[in-house]
Amino acid sequence: MSKKIFLFLLNIFLFEVGYTQIIKGTIIDYHTNEALIGVNIILENGEGTSSDFNGEYTLNLKTNKKQNITFKYIGYEKVIKTIKVTKEKIQNINVALSPSSEQLSTVVVSAGRFEQKIEEITVSMEVIKPSLIENKNTTDIQTVMDQIPGVNITDGQANIRGGSGWSYGAGTRVLVMVDDMPLISGDAGQVQWKLIATENINQVEVIKGASSALYGSSALNGVINIRTAFPSQININKNKLPGYTKVNMHFGLIDKPERAELNWNGEKRRAFKGIEFLHSMKIDNLDLSLGGNIFSDDGYRYLEVTDRKRFNLNSTYKSKKTLGLSYGINANFLFQTTGSAIVWDGLDRAYIPLNEEITTTAGDTYNIDPFITYIYKNNRHSLRTRYLKVINDNSTKGMDEGQDNESETLYSDYQWQKNIKKLGLQLTTGTTNEIVFARSDLFQGNNTRKNHSLYTQLDKKIGKLNISFGGRFEYFTVKSEKEYIINGDTLTQFSASKPVFRAGLNYQLAKATYIRSSWGQGFRFPSMAELFIRTNYSGLEIYPNANLLPESGWSTEIGLKQGLKIGNWLGFIDVAAFLMRYNDMMEFSFGKWSASDPIDPALNFYGLGFKSINVGKTEVSGIEVSISGQGKLTKNLKVNLLAGYTYMNPIPLEPEKIYETLIDSIYLNGEYISELNYTNSSSDPSILKYRYRNIAKIDIELFYKRISIGNSLRFNDFMKNIDKIFTEQHLELLGISGINEARKKYKNGDFIVDARLGYQLNNLVRFGFVINNLLNREYMTRPATMMSPRTFAFQINFKI
């Protein structure tokens with residue numbers, strides 16, 4: 001008997017000491033069924049683990065007693081599961097987490113190419129949600145970009161915190177991407193804004209500051225990453241459904257300008273109208289979205305008529321046979337005809353192009369993007385590829401005078417990510433390769449460009465501290481069929497290479513207080529347009545510069561982000577001080593770059609025109625304060641807010657350095673000069689050209705029951721510095737007039753107000769009324785271009 005008791009007690013002891021049960025499972029979002037990465041799973045004794053790329057986890061439970069396991073994830077409600085002992089060696093516990101109304105759940109990917117909480121990243125970033133895009137009746141994503149604190153768009157060129165000036169249709173210092181893929185033409189380096197599907201946007205992420213270490217050449221001044229939505233992300237009246245259909249229609253009128261002299265169209269109102277649609281669905285393991293946009297605009301400027309048709313496809317298939325394997329294809333197709341001009345015909349004829357000449361572009365642009373992703377354990381492999389083709393048939397007054405351009409871009413990005421849990425380290429490494437074939441009268445023949453790069457970034461979390469470090473090596477080469485003389489040598493090929501690095505820290509000081517600091521280098525190789533373009537555009541000459549050098553630089557900042565909570569309204573206030581320095585900065589400058597035509601000097605505008613040149617070393621410093629948030633202040637009142645103020649001090653560091661010699665002398669500042677420096681070519685050399693010092697913006701929208709009211713306000717001070725030649729009286733003798741008069745008239749800056757009103761009829765139908773430039777103010781974004789007068793737009797949106 002005693003022997004049996006002894007054996008019984010021994011079995012209990014061994015069971016207690018040696019017992020191990022494996023708990024495993026998958027953690028998903030309750031509404032979307034998408035896997036959640038990095039969820040904390042914690043035992044009562046403090047031990048635990050986190051979920052991997054597939055949302056999967058494994059725990060070893062070394063006790064035979066009941067155990068409470070906590071599942072915690074930022075932006076989601078905490079879940080506690082009580083685990084009972086079972087006879088099975090492995091117990092499966094799957095968990096679905098619901099988003100928390102008490103926390104912000106803004107997750108971004110652009111800062112490190114993996115999902116991070118916005119408050120924990122090491123750089124300044126703004127996020128735009130789709131409601132702002134839709135409610136402002138956005139037919140071109142540029143109009144929303146112009147509402148972001150510290151960001152300006154001028155003639156299609158994005159400028160973040162004064163890092164860029166004016167460069168008409170050639171080159172960009174801000175990399176614009178859709179789903180981590182650059183959307184920039186291979187020849188001109190021009191952002192393809194019209195190709196972006198505004199009907200299918202989940203989130204827009206804007207990184208402020210040099211990001212070349214992770215994203216390459218065009219990210220010298222920052223990144224705009226537009227993330228499209230897949231079916232399970234789409235939100236309809238707070239209920240996330242597996243798929244839906246939406247149709248947005250609008251009709252608008254362009255009001256008469258305030259001054260009668262500007263009204264070239266008489267009593268008749270110009271009109272614009274459009275329809276966009278999106279159908280999104282899940283078919284078994286296939287996510288599929290199909291969308292389109294048809295838009296027509298009579299234009300507020302004489303002859304600038306736009307006719308656009310755009311269609312898009314997004315698809316992702318998750319393999320049934322191979323866990324973690326997904327692949328698909330995305331595509332966009334744009335067919336449009338549009339008119340554009342550089343300079344007006346005078347202040348009282350500001351909506352009429354110079355000499356009534358516009359450049360009409362009839363073009364087709366499309367991209368096809370196959371991709372494949374494989375996730376295994378803590379490894380993620382992805383290969384994203386793109387074929388981008390741009391075809392532009394350009395003509396002036398119906399005459400095609402060698403202005404066409406066509407390019408093909410082949411792009412690939414292979415990326416490997418490794419989550420090394422034991423070290424708390426996230427490793428991202430990859431290679432990017434691009435080949436561009438350009439066949440263009442505009443760029444003087446056939447040209448080829450190649451870009452190859454390797455990049456790596458390490459992100460580590462140590463308690464409340466996040467550390468980020470990365471590097472990239474870029475190699476560029478451009479080959480032209482035409483010979484150019486560079487420093488006395490006859491060349492057809494140009495190349496450059498450079499390593500760039502970045503580093504950043506973010507530390508959580510308190511529950512909702514984060515301090516960060518970052519430093520990053522940037523590098524940009526000239527576009528084919530800047531190197532080789534030779535054309536007459538709307539009456540003005542544009543010249544090539546094969547001697548153009550790549551520009552490089554660095555930016556640094558220190559910032560503080562503070563979380564805010566008022567009732568159920570949640571947001572952040574962000575304060576940042578920044579500094580950017582550039583070497584060999586490129587600027588689009590006006591001068592005498594050619595001899596006058598010997599027979600008819602006016603034929604080539606007396607040799608005057610624009611050219612991209614290097615202007616030496618420059619610096620931009622400043623401070624930015626922004627606030628953003630959303631949520632309910634009361635039971636029935638919801639508020640969305642995005643606001644900010646940016647002070648910038650952009651200055652030349654070598655104002656007396658001679659950076660260009662003219663083909664012939666020109667009369668500036670009361671004397672004839674043949675050598676340009678920043679002082680003698682500027683109207684005010686105390687600041688860089690085509691920049692502001694002060695920018696303030698606010699967008700606020702109130703939702704009360706079924707009604708919404710929104711306002712957008714934008715202020716910028718006077719643009720003090722432009723090309724000096726624009727302010728010279730003798731330029732008026734050549735036909736360009738009214739610039740000095742306009743600068744005196746608008747010397748106090750610009751203040752623009754937009755307003756919108758919405759009514760949610762039911763769960764399926766919403767009506768909207770939008771007024772842009774409510775006060776019908778005259779304003780310019782650069783010399784000799786007047787922006788749109790007041791417009792009215794009526795919307796009706798269907799969501800099924």
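This passage walks through a predicted model of one protein chain, from its overall form down to single residues.

The broad outline comes first. The protein chain contains seven helices and 49 strands. Along the principal axes, its C-alpha atoms fill a box of roughly 125 × 65 × 45 Å. The radius of gyration of the protein chain is 29 Å, which agrees with the value near 28 Å that a compact globule of 800 residues would have. Of these 800 residues, 56% count as buried. The surface that the protein chain exposes comes to about 33,700 Å², and carbon and sulfur atoms supply 57% of that area. As for charge, there are 92 positive and 82 negative side chains, and the centres of the two sets lie 12 Å apart. Contacts in the protein chain often bridge long stretches of sequence: among those between residues at least 6 apart, 65% join residues at least 24 apart.

The strands deserve a closer look. In general, strands of a sheet pair through backbone hydrogen bonds, and the pairing can be parallel or antiparallel. One sheet in the model is open and has five strands, in the order E11-E16-E17-E14-E15, with mixed pairing. At its edges are strand E11 (124–128) and strand E15 (181–182), each of which pairs on one side only. Within this sheet, strand E16 (residues 203–208) and strand E17 (residues 222–227) run antiparallel and are joined by six bridges. Across this pair, Val 206 of the protein chain stands opposite Ile 224 in E17.

Further along the chain, strand E23 (residues 306–318) pairs with strand E24 (residues 325–340) in the antiparallel sense, over ten bridges. Here Asn 312 faces another asparagine, Asn 332 in E24, as its opposite residue. The hairpin of E23 and E24 has six residues between the strands, and in it Gly 324 takes a positive phi near 90°. Strand E24 also pairs with strand E25 (residues 359–376), again in the antiparallel sense, and this pairing has 16 bridges. One place to see it is at Gly 339, which stands opposite Thr 360 in E25.

Another hairpin is made by strand E29 (residues 445–462) and strand E30 (residues 465–486), which run antiparallel and are joined by 16 bridges. Ile 462 stands opposite Leu 465 in E30. Two residues lie between the strands of this hairpin, and Gly 463 takes a positive phi near 60° there.

Strand E43 has partners in both E40 and E44. Strand E40 (residues 637–652) pairs with E43 in the antiparallel sense over eleven bridges, while ten bridges join E43 to strand E44 (residues 707–716), also antiparallel. Asp 699 makes a handy landmark: Leu 642 stands opposite Asp 699 in E43, and in E44 the bridge partner of Asp 699 is Ser 712. In a regular strand, side chains alternate between the two faces of the sheet. Strand E43 (residues 694–704) shows this in its covered face, with Ile 695, Lys 697, Asp 699, Glu 701 and Phe 703, and its uncovered face, with Asn 694, Ala 696, Ile 698, Ile 700, Leu 702 and Tyr 704. The hairpin of E43 and E44 has two residues between the strands, and Lys 705 takes a positive phi near 55° in it.

Finally, three single residues can be followed into their surroundings. Phe 114 lies in the loop between strand E9 (107–108) and strand E10 (116–117). Its relative accessibility is 14%, so Phe 114 counts as buried, the cut-off being under 20%. Leaving out residues up to four places away in sequence, Phe 114 touches Val 108, Val 109, Gln 417, Gln 426, Thr 428 and Asp 459. Phe 114 and Ile 467 are 353 residues apart in sequence, yet their C-alpha atoms are 14 Å apart in space.

Thr 154 belongs to strand E12 (residues 151–154) and is buried, with a relative accessible area of 12%. Not counting residues up to four places away in sequence, Thr 154 touches Trp 166, Thr 781 and Arg 782.

Val 620 sits in strand E39 (residues 618–632), and it counts as buried because its relative accessibility is 0%. Beyond residues up to four places away in sequence, the contacts of Val 620 include Arg 161, Gly 162, Phe 578, Leu 579 and Met 580. Val 620 and Ser 164 are 456 residues apart in sequence, with 9.9 Å between their C-alpha atoms.

Technical notes
Residues numbered from 1 in each chain as written. Predicted model: local features only at pLDDT ≥ 70, side-chain atom pairs only at ≥ 80, totals over all residues. Heavy atoms only, no water. Helix = DSSP H or I, 4+ residues; strand = E, 2+ residues; numbered from the N terminus. Rg over C-alpha atoms; globule rule 2.2 N^0.38 Å. Buried < 20%, exposed > 50% of the residue type's maximum accessible area, 1.4 Å probe, protein only. Contact = heavy atoms within 4.5 Å. Areas by Shrake-Rupley, 256 points an atom, 1.4 Å probe, with all protein chains shown as cover. Lys, Arg positive; Asp, Glu negative; His and termini not counted. Charge placed at Lys NZ, Arg CZ, Asp CG, Glu CD. Pairing = 2+ DSSP bridges.
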